[in-house]
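Let's walk through one sheet together, strand by strand. Keep the structure open beside you as you read.

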Amino acid sequence: MKETIMNWKETTSAFWSKRSTSQKSIFIGSILIVILLIAGITFMTTNSKLVPLYNNLSLQEVGQIKTELDSRRIQYELEDGGTTITVPEQQVDSLLVDLAGQGIPNSGNIDYSFFSENASWGITDNEFSIMKLDAMQTELGNLMQGIEGIENAKVMINMPKDPVFVSESTQEASASIVLSTQPGYQFQGNQIESLYHLVSKAVPNLPPDNIVIMNQFFEYFDRNAHTAQGTQDAHSYQQSVKKDVERDIQRRLQQMLGAMVGMENVIVSVTSDVDFTQENRIEELVEPVDLENMEGLPVSIETIHETYSGNPVIGGIEGTGEGDIANYPGAVEGEGGEYELVKETINNEFNRIRKEIVESPYKVRDLGIQVAVNNVIDSTEDGIQYLTQQDENAVEAGIASILNSIVGTSIDKEYGEVIPEEKISIVFQEFAGDTAIPEQPAPVIPLWMYIAGAVLLIIIITLVVLLIRNRNEEEEIVEETITAQTTTEVPDMPDNEQSESVIRRKQLEKIAKDKPEDFAKLLRSWIGED
């Protein structure tokens, strides 16, 4: 076995020493490339993608999950300062179900389920009150965490003591809330009001004025979002509204114009001027019911109709009595006549309207829209083909009609007549590059790696075949050399004192007798040397 190893070693050394420097470099480089290729393919195929299992964990919860994963020997990594745990993607769903079945993670907070699971008769009123308050705080925090824009919520409630005497008034509760909001998220006025209403109704005897809400950046959220603490909050609100208006119009235009000329061939920019002046007013109006005839609704009607016909009597009886006036003329018959009186009184009721008007929190005072269109139709090796002037005019007319409609309906009419042509700008220009956001391709092994691996594998197989063939040739040469040396070997002669010429002659005779072919080769070699 040792001799075989030595022969292999000598053969390999001889083969390697006969190779040139370039051949040695190619052979070593091929082996290294194949090793690296195999290692890379193995790493990419066996390395599992890690995805988050839980986010925003406390240190206590991280310790519980880490212990369970260590006991199961599951690969995991800690990120975001230890608040996020990532595990292999194919194990996320099963781990979520298993850990939830074991009650992991357990934050240690008490919720209302604690009372049903740990009910006992030995608990005191003081202990019950403390656990009830803790459960109330936990449940409120959990409710707020389910609201968009809130990642975490801590609630502290101060409950007053119950009055001892009936004459004492009940004190009001108070609450302090700290929210961990998502970066860049802005709450609207109705959302903040909903938070105050939620806490006020969940805690007994807690008026909204006794609630304080702030975030992790020490920014307070008042009930009225428009009267926030400091000018910075009002400015942030106004800027967010302005961006919302511009972003909404820009997205709609981008979608519409992209369907016409292609998403990659149009860019839309929108600027706006928003008026945040608010106005509250009360209007008391009186209007007729019938607007066409300007008449009201009749409530009561009074009609008087008087008629008379005949000869009226002028004067009276001549005064002759005690109580009569002397010499008063008597009745004289007058001329005949007629009398008629028609009188109608109508009481109408009109519409009395009382309006309490609260103006919109903002109005779009001015709007500017800029559109850039790519005028390149096709780009080949022969040259670049642009839109003709006729095509540009047609595209511009179609875009302008859309922009005029949007500008006309977006700007408030209170600020005067709107001329849409002055608010829009359309430019045809060759784009320098693709404005579309490229999609991220899925990580796959490229085809060239397979081709390179196959080529390197063929090269290695060829080199191995050549190595084996050369080694076989070397072995044949070595065997022939050994055979030649053994054939010319002189056998041992007896240790008797003989002359040198006699010894040679006897050796030659023995060789010629035993191996005539070798003897003939030996003679030919001697003749060739002479």
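In which sense do β14 and strand β17 pair, and over how many bridges? This is a predicted model, and in it β14 and β17, the latter covering residues 424–429, run parallel and are joined by six bridges. To find the spot by eye, look for V371, which sits opposite I426 in β17.

Now turn to another partner of β14. Strand β7, residues 266–275, pairs with β14, residues 363–374, in the antiparallel sense, and here there are 10 bridges. V371 is again a handy landmark, since V268 has V371 of β14 as its bridge partner. As a reminder, the strands of a sheet pair through backbone hydrogen bonds, in either a parallel or an antiparallel manner.

Put the pieces together and you have an open sheet of three strands in the order β7-β14-β17, with mixed pairing. β7 and β17 are its edge strands, each pairing on one side only. On average, neighbouring strands in this sheet are turned by 10° against each other, ignoring direction.

Finally, look for helix α9, residues 389–410, which packs on the sheet and touches β14 and β17. The direction of α9 makes about 155° with that of β17.

How values were computed. Residues numbered from 1 in each chain as written. Predicted model: local features only at pLDDT ≥ 70, side-chain atom pairs only at ≥ 80, totals over all residues. Heavy atoms only, no water. Pairing = 2+ DSSP bridges. Helix = DSSP H or I, 4+ residues; strand = E, 2+ residues; numbered from the N terminus. Axes fitted to C-alpha atoms, helices over the stretch in contact; angles between N-to-C directions. Contact = heavy atoms within 4.5 Å.
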